[in-house]
Amino acid sequence: MGAKGRKIKPYRYKNLINTPSHGRFVISAGNGSAQAVFCPLLLIFADYFMASSVHHKTFCVVNLGCKLNFAEASTIARQLSGMGFAQAGEGDAADIYVVHTCAVTAQAEKKCRQAIRKLAKQRHGTAICVTGCYSLIKGAALEQMPEVSLVADKSEVAQKIGEYFSPSVSAYCPAGTSVGDFFTAYSSGDRTRSFLKVQDGCDYRCSYCTVPLARGESRSIAIEKIAAQAEEIAAQGVNEIILTGVNIGDFGKSTGENLLQLAQRLEKVKGISRYRISSVEPNLLTAELVDFVADSPKFLPHFHIPLQSGANRILGLMRRRYTRELFAEKLLYVREKMPLAFIGVDIIAGFPTETEAEFESACAFLQALQPSYLHVFPYSKRPNTPAAEMPQVPGAQISDRAKRLGTLCAALHADFYKKNTGRTGSVLFESAHKNGYMFGFSENYVKVALPYNADLVNKIAPVRMLGAGEDGNMRCEVVK
Ligand code: SF4
């Protein structure tokens, strides 16, 4: 159905009045402005005004990038829905597109520009709002793109779009979106799992990385505020939460708390059965946290430990804060406590000055440690980083090394699935299905496929793993 024929959800002004956490309005009056803090009359007026302006307007959020971006994109969508915009159906034209961008590599930036141009071409005349890391680093360049209508910080997207369609309401701050300079976010839509943002920014200065430039200093909000969000997620029937952030091992630096305390508190949230912790830097992965996960009924044996290079000289040039020996110690400790834990590892191929001997030594190191999976990143030269000034490895060698790491990853992953074959795991099944199969992940992140059974959607069931199928997913049967 086209946008015009679709049923549009009306703006619900009651939401605004009944929710004390809706911070403030600034309503334009000529050149000046009148601020109203929780003034019901003005709220009703502004609410009505906004409602009539955005009524029948539709939006679509296009997310590019990491799980953190995914959580933030989902929050932006909820904010716009709360303001009375309707989410465009799949394939339908929207009145405005929000493109949540990524700047982690030159390739990621290119994909963002391509996505913007493609949207403008496909949806001629539509409005495009750009936000996210790329817009923070190259906002001025993006503003020059004729396809771009507005560039906004993610905390201001809803407000700016409101103003775009309703210029006389100059500011609108939807509920619970920012605490200080922390944009709170969690993903919704898939009722099975939610990505909950617990930390943002990074104080490290790895020599190849632009993320701190885009996301600023390491910061988080108080544990109790995160627990309240987890309760909100639980109330929506979601079973599993994945904690996300830029450098979540650094959680609590700005509040005097730490990641272990967060995990201990979240474990008490009723309704959430499972948690996964995403990437933690090796130097920040403590034995206490590993011990906690090993004993926890809710935190799952799933770790993501970035290595980036298996050569100490390169780790030094990268300004990473560990040696390969420390990395190995942490990985082996996880394995000692949880022999079948899934361990994913980030690795960069072709960092400046990396020799063939160093690369081969890194491969042998990984082969010996047997992680479950490698996230391989071909080195990407980023402007304004120290690594960009170092002697570069030729592009063809970077690609070749990335390819060889990909082959190693496939072998490690297949080995991990073999080790799991024959055992019983606990799987949370998702709603998506394809070719008669439904899918889910075991506690240790084995992706299983089972003939579709609607009764199992969003349920956790014990399954016997039977071996990897041709598509690479583990075949399984439910244990009665
Ligand atoms: S830890 Fe290093 S690579 Fe990761 S976000 Fe911070 S600076 Fe970038």
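**Entry 1: the five-stranded sheet**

I began at Val-98 and looked for its partner; Val-98 stands opposite Cys-129 in β6. I keep in mind that this is a predicted model. Next I looked up the strands around this pair. Strand β5 covers residues 96-101 and strand β6 covers residues 127-132. I found six bridges between them, in the parallel sense.

Then I traced the whole sheet. It is open, has five strands, and runs in the order β4-β3-β5-β6-β7 with parallel pairing. The edge strands are β4 (86-87) and β7 (150-151), and each pairs on one side only.

Which helices lie across these strands? I noted helix α3 (residues 67-82), which lies across β3 (58-63), β4, β5 and β6. Helix α3 runs at about 175° to β3. I also noted helix α7 (residues 157-165), which lies across β5, β6 and β7. Helix α7 makes about 160° with β6.

A reminder to myself: strands of a sheet pair through backbone hydrogen bonds, either parallel or antiparallel.

**Entry 2: β14 and β15**

I moved on to strand β14 (residues 240-244) and β15, which run parallel and are joined by four bridges. I picked out one bridge: Leu-243 is partnered by Ile-277 in β15. How does the chain get from β14 to β15? It passes through helix α10 (residues 259-266), and this β-α-β crossover is right-handed.

I then checked the side chains of strand β15 (residues 274-277). Arg-274 and Arg-276 point one way, and Tyr-275 and Ile-277 point the other way. Are they buried or exposed? All are buried, the two arginines included.

**Entry 3: the ligand**

Which residues surround the ligand? I listed Cys-202, Tyr-204, Arg-205, Cys-206, Cys-209, Val-211, Pro-212, Val-246, Asn-247 and Glu-281. I sorted this shell by type: seven nonpolar, one polar and two charged.

**Entry 4: the three-stranded sheet**

Here I found an open sheet of three strands, in the order β16-β17-β18, with parallel pairing. Its edge strands are β16 (302-304) and β18 (373-378), each pairing on one side only. The twist averages 15° from one strand to the next.

I looked at β16 and strand β17 (residues 342-349) in detail. They pair in the parallel sense over three bridges. In one of them, His-304 has Gly-344 in β17 as its bridge partner. Helix α15 (residues 395-420) packs on the sheet and touches β17 and β18. The direction of helix α15 makes about 170° with that of β18.

**Entry 5: Phe-365**

I found Phe-365 in helix α14 (residues 356-369). Is Phe-365 buried or exposed? I would call Phe-365 partly exposed, because it has 16 C-beta neighbours inside 10 Å. Buried would need 20 or more, and exposed 12 or fewer.

What does Phe-365 touch? Leaving out residues up to four places away in sequence, I noted Gly-310 and Arg-324. Phe-365 and Gly-310 are 55 residues apart in sequence. In space their C-alpha atoms are 6.6 Å apart.

**Entry 6: β20, β21 and β23**

My last stop was strand β20 (residues 437-442) and strand β21 (residues 447-451). They run antiparallel and are joined by five bridges. Phe-439 stands opposite Ala-449 in β21. The hairpin has four residues between the strands, and there Tyr-445 takes a positive phi near 65°.

I also followed β21 to strand β23 (residues 474-478). These two pair in the parallel sense over two bridges. Val-448 stands opposite Met-474 in β23. I noted both senses for β21: antiparallel with β20 and parallel with β23.

Terms used. Residues numbered from 1 in each chain as written. Predicted model: local features only at pLDDT ≥ 70, side-chain atom pairs only at ≥ 80, totals over all residues. Near = placed C-beta within 6 Å. Nonpolar A, V, L, I, M, F, W, Y, C, P; charged D, E, K, R; others polar. Contact = placed C-beta atoms within 7 Å. Pairing = 2+ DSSP bridges. Axes fitted to C-alpha atoms, helices over the stretch in contact; angles between N-to-C directions. Right-handed = clockwise from strand over helix to strand, strands pointing away.
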